[in-house]
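Hi,

Here's the structure I promised to pass on. Have a scroll around first, then read my notes below.

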Amino acid sequence: MRTPHVVVVMGVAGTGKTTIGPMLAARLGFPYAEGDDFHPQSNIAKMSAGKPLDDEDRWPWLDAIGAWAHGREGLGGVVSSSALKRSYRDRLRAAAPGVVFVHLTGDRQLIQDRMAHRQGHFMPTALLDSQFATLQPLEADERGVAVDVSGSPEDITARAMAALDDLDSSTQSPEA
């Protein structure tokens, strides 16, 4: 039986966190929380003006996501967060030690094209370079998986589910 995880769907802007997160949550039978909803208005205004956030801007946002994840421990949940730096993921793990990361990865051109065609989002395409410059991929000691974002949302979600299943089976301890 799968332990209910709190899954953080992470990656640079435009990888599909807001699309894949709810689909993954539905497949897992868990609630979904949109990471952008945890941003204070000052962060949204800054990004809307084309200015990247700095660490001081991100700490309250990450703490709010971490508090949500902590409240879902043992129950399961899916939340989106760029979680670009190791220090950001460490902060989330400090609040909710059992979180598992699904890092949505892909070709920069594909991601830029997707960003250019989405509507109603405050993150301009101009900030994509700063996102890639900030990105620190998952390290070997971090519990999570990388999932390529090519293909349809259904394909990506299926790959994420398979990767999570593989992660679960590789971390289960053998019975004595």
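**What I found**

The accessible surface of the protein comes to about 8,400 Å², and carbon and sulfur atoms own 54% of that. Keep in mind that this is a predicted model. The protein has 176 residues, and 43% of them count as buried.

Now for the layout. You'll find 7 helices and 5 strands. Starting at the N terminus, the elements go β-α-β-α-α-β-α-β-α-α-β-α.

How are the strands ordered in the sheet? The 5 strands make an open sheet that reads β2-β3-β1-β4-β5, with parallel pairing. The edge positions go to β2 (32–33) and β5 (144–148); each has a single partner strand, so one side of each is left without a neighbour in the sheet. Helix α3 (residues 55–72) packs on this sheet, where it touches β1, β2 and β3 (77–80). The direction of α3 makes about 170° with that of β3.

In case pairing is new to you: strands of a sheet pair through backbone hydrogen bonds, either parallel or antiparallel. Here's how that works out, strand by strand:

- β1 (residues 6–10) and β4 (residues 100–105) are parallel and share 4 bridges. Look for Val8, whose bridge partner in β4 is Phe101.
- β1 and β3 also run parallel, joined by 4 bridges. Here Val6 stands opposite Gly77 in β3.
- β2 and β3 are parallel too, with 2 bridges between them. Tyr32 has Val78 of β3 as its bridge partner.

β3 deserves a second look. In a regular strand the side chains alternate between the two faces of the sheet. What covers do the two faces of β3 have, buried or exposed residues? Both faces are covered: Gly77 and Val79 are buried on one side, and Val78 and Ser80 are buried on the other.

Finally, try tracing some contacts between parts of the chain that are far apart in sequence. Among the contacts in the protein with a separation of 6 or more, 75% come from residues 24 or more positions apart. A nice one to click on is Arg27, which sits in helix α1 (residues 17–28). Which residues does Arg27 contact, leaving aside its neighbours within four places in sequence? They are Thr157, Ala158 and Met161. Arg27 and Met161 are 134 residues apart in sequence, yet their C-alpha atoms are 8.1 Å apart in space.

Have fun with it!

Terms used. Residues numbered from 1 in each chain as written. Predicted model: local features only at pLDDT ≥ 70, side-chain atom pairs only at ≥ 80, totals over all residues. Heavy atoms only, no water. Pairing = 2+ DSSP bridges. Contact = heavy atoms within 4.5 Å. Axes fitted to C-alpha atoms, helices over the stretch in contact; angles between N-to-C directions. Buried < 20%, exposed > 50% of the residue type's maximum accessible area, 1.4 Å probe, protein only. Areas by Shrake-Rupley, 256 points an atom, 1.4 Å probe, with all protein chains shown as cover.
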